[in-house]
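Thanks for making the time this morning. I would like to walk through one protein with you, so please bring up the sequence and the structure and keep both in view while I talk.

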Amino acid sequence: MRNLIKVIAVIWLFSNNCFAESTLLATISLDEATKQIIEGTYNKVLGAQTEIIDGKEVHIIKVLTPDGRIQYYKIDAETGQLVS
């Protein structure tokens, strides 16, 4: 009986941790944000990563513009909007 209670407690704790982590997932994925930046342009993506800035998830996409400049775009992971 004690083992059963322990198993139920572990499952309950684990399921709460999974739920908490899933609520932190971005609304817009890094892949979607990257596609949003290059859509309709001739920019070449050099790199992309997600960082926490001021407590928010922000996708940072590094692109090479057609004129040879490197430009960084910051996309709010929750809203999908450009961040200045």
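Let me begin with contacts across the sequence, keeping in mind that this is a predicted model. If we take the contacts in the protein with a separation of 6 or more, 27% of them are made by residues that are 24 or more positions apart. The chain itself has 84 residues, and 19% of these count as buried, while the accessible surface comes to about 6,600 Å², with 59% of that area belonging to carbon and sulfur atoms.

As for the elements, there are 2 helices and 3 strands, and reading from the N terminus on they run α-α-β-β-β.

I will take the strands next. Strand β1, which covers residues 44-53, and strand β2, which covers residues 56-64, run antiparallel and are joined by 9 bridges. To give you one position to look at, E51 has V58 in β2 as its bridge partner. The two strands form a hairpin with 2 residues between them, and D54, in the turn, has a positive phi of about 55°.

On from there, β2 and β3 also run antiparallel, and 7 bridges join them. Here K62 stands opposite Y72 in β3, and the hairpin of β2 and β3 has 5 residues between the strands, with G68 taking a positive phi near 90°.

Y72 is worth a second look, since this residue, which is found in strand β3, residues 70-76, also contributes to a nonpolar surface patch of about 310 Å² that is made by L46, I70 and Y72.

Now to the helix that meets these strands. Which residues of helix α2 are buried? In this helix, residues 30-38, they are A33, T34 and I37. They lie on the same side of α2, because the arc they cover around the axis is only 100°. The buried residues of α2 pack against β1, β2 and β3, and α2 is followed by G40, a residue with a positive phi near 75°.

I37 comes up again when we turn to the C-terminal part, where L82 lies in the segment after β3. Leaving aside residues up to four places away in sequence, L82 touches I37, Y73, K74 and I75. Is L82 buried or exposed, given those neighbours? It is exposed, because its relative accessible area is 55% and the cut-off for that class is over 50%. L82 can also be placed relative to H59, with the two residues 23 apart in sequence and 9.5 Å apart in space, C-alpha to C-alpha.

That leaves the charged side chains. Side chains of opposite charge can pair when their charged atoms come close, and a search of the whole structure finds 3 salt bridges here.

One of them is in helix α2, where the side chains of K35 and D31 meet at 3.3 Å, N to O. These two residues both lie in that helix and are 4 residues apart, about one turn of the helix. D31 has a relative accessible area of 46%, so it counts as partly exposed.

Another involves K56 and D76, whose side chains meet in a salt bridge at 3.9 Å, N to O. Because K56 lies in strand β2 and D76 in strand β3, this pair ties together parts that are 20 residues apart in sequence. What is the exposure of each partner? K56 is at 47% relative accessibility and therefore counts as partly exposed, whereas D76, with a relative accessible area of 10%, is buried.

The remaining pair is D67 and R69, which form a salt bridge with their closest N and O atoms 3.1 Å apart. D67, at 54% relative accessibility, counts as exposed, while R69, with a relative accessible area of 47%, is partly exposed.

To close, I would ask you to look once more at helix α2, whose buried residues pack against β1, β2 and β3, and then at the pair K56 and D76, which ties together parts that are 20 residues apart in sequence.

Key:
Residues are numbered from 1 along each chain as its sequence is written. This is a predicted model: local features need pLDDT of at least 70, side-chain atom pairs count only at pLDDT 80 or more; totals for chains, interfaces and linings use all residues. Side-chain values use heavy atoms; hydrogens and water are left out. Buried means under 20% relative accessible area, exposed over 50%, partly exposed in between (1.4 Å probe, protein chains only). Contact means heavy atoms within 4.5 Å. Accessible areas come from the Shrake-Rupley method with a 1.4 Å probe; for residues, only the protein chains shown count as cover. Patches are made of residues with over 30% relative accessible area and no salt bridge: like charges are joined within 9 Å, nonpolar side chains (Val, Leu, Ile, Met, Phe, Trp, Tyr) within 5 Å. A salt bridge is a side-chain nitrogen of Lys or Arg within 4 Å of a carboxyl oxygen of Asp or Glu. Two strands pair if DSSP finds at least two bridges between them. The arc is that of the directions from the helix axis to the C-beta atoms.
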